[in-house]
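Hi,

Here is the structure I promised to pass on. Have a look at it first, and my notes on what turned up are underneath.

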Amino acid sequence: SYVLTPTDIANGYVTITPSTAMADGVHQVAAQLVDQAGNASALSTAFNLTIDTVKPVITITDEHSNNTTSTLAKAGDIITTNFTSTDPDLKVTIGGQPATVTLVNAATNTYQATFTVPASGATQGPANVVIEARDVAGNVTISTLPGTVTIDTLAPSATATVSHIYDAISAVEINSGGVNTAHNVLTLTGSITGTLASEIGRAHV
């Protein structure tokens, strides 16, 4: 019980802090006035109050891209992360940029977030995944997955030059004017100017 003070009566309201923390769950709160003689008023209409101190639970399953090498992403590639969350109020960033979130399966609380790498403005390097979930009570959980996909939108700075083309079977050189050959196996020689990054592993002809 709480004894009203003249200030409480003048204010028309009172603030009461429970002596012990209220447990999680649904509680009914009602008020009743009792005068000094012991006369009691009727109980006020009960107010339903739900205490929820449990934070959302997030589990990030994976991150990959639709690039030929799923751990790399160039401009135009789509990076995808799959995860579960106990609450649907979600914010997801991939590589520091907002991602599009889709509910995959409501029964299992499974979601998918995607981000398309832009031609410019993307942060180069690991595309870290950050997921924030908020429940109706305001509890917040933030979960992070260090990027398993590396964003790389920069073209190689080195240049390649083809100096000679040979028919690999007859060893006849094909000059710039063109030489007919009955074979489809060629040998190319040339040079590279500049420094190649370690991840470059093939050339296109």
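**The small three-stranded sheet**

Let's start with a single pair of residues: glycine 125 has isoleucine 151, in β13, as its bridge partner. Before going further, please keep in mind that this is a predicted model. That pair belongs to a contact between β10 and strand β13 (residues 150–151), which run antiparallel and are joined by two bridges.

Zooming out, β13 sits in an open sheet of three strands, ordered β4-β13-β10, and the pairing there is mixed. The edges are taken by β4 (72–73) and β10 (125–126); each has a single partner strand, so one side of each has no neighbour in the sheet. As a quick reminder, strands of a sheet pair through backbone hydrogen bonds, either parallel or antiparallel.

**The four-stranded sheet**

There is also an open sheet of four strands, and this one is antiparallel, with the order β7-β6-β11-β12. Its edge strands are β7 (97–98) and β12, each of which pairs on one side only.

If you want to trace it residue by residue, β11 is a handy place to begin. On one side, strand β11 (residues 129–134) pairs with strand β6 (residues 89–94) through six bridges, in the antiparallel sense. Within that pairing, threonine 93 has valine 130 of β11 as its bridge partner, and valine 92 stands opposite isoleucine 131. In a regular strand the side chains alternate between the two faces of the sheet.

β11 is also joined to strand β12 (residues 140–145), again by six bridges and running antiparallel. Here valine 129 stands opposite leucine 145 in β12. The two strands make a hairpin with five residues between them, and glycine 138 takes a positive phi there, near 100 degrees.

**A pocket to look at**

What is the volume of the second largest pocket? About 870 Å³. Its lining is made up of 24 residues, and those nearest the centre are Tyr2, Val14, Ile16, Ala31 and Gln32. Two elements, α1 (6–11) and β1 (25–29), are the ones that give two or more residues to this lining.

And how does the lining of the second largest pocket divide into nonpolar, polar and charged residues? There are 15 nonpolar, seven polar and two charged.

If you open the model in your viewer, try glycine 138 in the β11 and β12 hairpin, then go over to Tyr2 and Gln32, which are among the residues nearest the centre of the second largest pocket.

Cheers

How values were computed:
Residues are numbered from 1 along each chain as its sequence is written. This is a predicted model: local features need pLDDT of at least 70, side-chain atom pairs count only at pLDDT 80 or more; totals for chains, interfaces and linings use all residues. Side-chain values use heavy atoms; hydrogens and water are left out. Two strands pair if DSSP finds at least two bridges between them. On a 1 Å grid over the protein atoms alone, a cavity is a set of points where a 1.4 Å probe fits but cannot get out, and a pocket is an open set with protein on both sides within 12 Å along at least five of seven lines; lining residues have an atom within 4 Å of a point. Grid points are joined across faces, edges and corners, and a volume is the space filled by probe spheres set on the points. Ala, Val, Leu, Ile, Met, Phe, Trp, Tyr, Cys and Pro count as nonpolar, Asp, Glu, Lys and Arg as charged, and the others, Gly among them, as polar.
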